[in-house]
Amino acid sequence: MEHDLWMSDTLITFRNFELPRFEVVERKCTGHPDTLADGISESISRELCRIYMEEFGEIMHHNVDKVLIIGGRAEPRFGGGRVLEPPAIVVGGRATSVRSSMSEVIRDAATSYLRGAVRNLNEFVVEPRTREGAPELRSLIGRGANDTSIGSGFAPLRPLESMVLEIDSMIEGMKGVGEDRKIMAVRFDDRVRVVVAAAAISRYIFSMDDYIEMKSRIRETIQSAYDVEVDVNAADHDSSIFLTVTGTSAEMGDDGATGRGNRANGLITPMRPMTMEAVAGKNPVNHVGKIYNVIAQRAAEEISGLDGVHEVYVTLVSRIGSPLDKPLMKALSIAGSERAAYEAESILDDWLGRADRLVDEFVSGRIRMF
């Protein structure tokens with residue numbers, strides 16, 4: 001039975017822990033176009049933060065969370081192939097001007113990220129289209145929340161969620177497998193099925209036999225660790241297979257956009273509380289769409305370690321212009337003992353008070369965004 005408890009200004013709901021009969025968990029891996037868009041957004045934000053500190057002594061207003069990747073055209077073939085038209089990366093959003101060319105800053109940051117994320121993607125076009133932000137929003141830097149927004153987090157991960165992250169690590173770097181992978185796992189009672197989409201890199205795949213062997217290797221690797229059913233590249237038929245020149249479907253098969261992929265814990269979990277906020281690319285000083293999601297996740301992880309707590313959900317709602325440590329609403333949903341209430345609220349308040357100390361972690365890239 002659920003029941004509520006108000007602790008000063010925090011609503012805490014206590015509930016029984018019960019694993020649902022079915023779960024759905026997804027991860028879009030490093031080279032998926034949506035994840036690439038997230039990475040480009042965050043890379044540009046971090047570089048802007050560095051330049052702002054050099055030029056102004058503080059991080060200025062910016063939100064470059066509107067990156068669109070428009071897929072190109074390619075002609076893969078066993079043992080080789082070519083890119084006919086490179087993908088285009090359109091960078092929108094708002095950013096305070098710097099002394100150097102903003103377009104050059106954006107191109108350099110996007111190029112650096114893409115070359116590190118997809119080792120065989122050498123051709124692409126970056127189109128910067130950022131503009132200055134509105135004066136009323138620029139004025140909120142250092143004064144209050146940049147938006148009225150929602151942050152959510154939960155902990156601990158359930159076995160299916162942990163499995164999806166582990167499968168990604170198991171496949172990463174496997175011979176012939178590109179960076180563009182997607183993992184979907186579904187559980188109904190005790191039965192688990194995993195569907196993997198994995199781009200094959202044509203220069204390492206010389207025949208259909210090589211391609212089939214790559215798929216078998218992925219399947220066998222997963223099933224050696226987990227008792228699950230596995231489908232790999234389920235859309236394959238006849239000569240139509242997931243073969244790419246570069247290792248990402250952005251070369252022809254798919255487009256990408258910031259915020260359409262993983263949440264801040266690296267997963268897409270529709271059975272759990274999650275927001276539609278794009279975390280990547282928002283400024284780390286006062287954009288609560290970024291800060292509150294990370295704070296909610298970290299607070300949840302710490303609270304889940306308390307005695308008697310089986311599971312916790314954290315929800316934060318900001319009010320534009322208000323101090324970051326004074327949210328419009330903060331709520332906890334705890335599966336576990338009511339004895340944890342006081343300490344759980346204290347942990348959440350402590351994390352809210354640490355927002356300014358997270359800035360360095362955001363800028364250095366030490367905080368997971370996607």
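**Exercise 1. Work out how strands β7 and β8 pair, and in which sense.**

Start with the two strands: β7 covers residues 88-95, and β8 runs alongside in the parallel sense, joined over four bridges. Strands here are DSSP runs of E with at least two residues, and helices are runs of H or I with at least four residues, numbered from the N terminus. Two strands pair if DSSP finds at least two bridges between them. For one concrete bridge, pick V90, whose partner in β8 is E127.

A quick word on the model: it's predicted, so local features need pLDDT of at least 70, side-chain atom pairs count only at pLDDT 80 or more, and totals for chains, interfaces and linings use all residues. Residues are numbered from 1 along each chain as its sequence is written, and side-chain values use heavy atoms, leaving out hydrogens and water.

**Exercise 2. Place β8 in its sheet and find which strands stand at the edges.**

First, write down the order: β8-β7-β4-β14, an open sheet of four strands with mixed pairing. Next, look at the ends: β8 (125-128) and β14 (256-257) each have a single partner strand, so one side of each is left without a neighbour in the sheet.

**Exercise 3. Sort the side chains of β8 by face.**

Begin with the rule: in a regular strand the side chains alternate between the two faces of the sheet. Now apply the idea to β8: V126 and P128 point to one face and are buried, while V125 and E127 point to the other and aren't. Buried means under 20% relative accessible area, exposed over 50%, and partly exposed in between (1.4 Å probe, protein chains only).

**Exercise 4. Compare N233 with D238: which is buried, and which is exposed?**

Locate them: N233 lies in the loop between β12 (229-232) and β13 (243-244), and D238 lies in the loop between β12 and β13 too. Check the backbone: phi of N233 is near 50°, a positive value in a residue other than glycine, and phi of D238 is also near 50°. Then check the cover: N233 has 6% relative accessibility, so it counts as buried. D238, at 71%, counts as exposed.

**Exercise 5. Find where P156 sits and describe the peptide bond leading to it from A155.**

P156 is in the loop between β9 (150-155) and α4 (159-171). The bond from A155 to P156 is cis, with omega near -10°.

**Exercise 6. Zoom out: how many helices and strands does the protein chain have?**

Count eight helices and 16 strands. As for burial, 55% of the 370 residues are buried.
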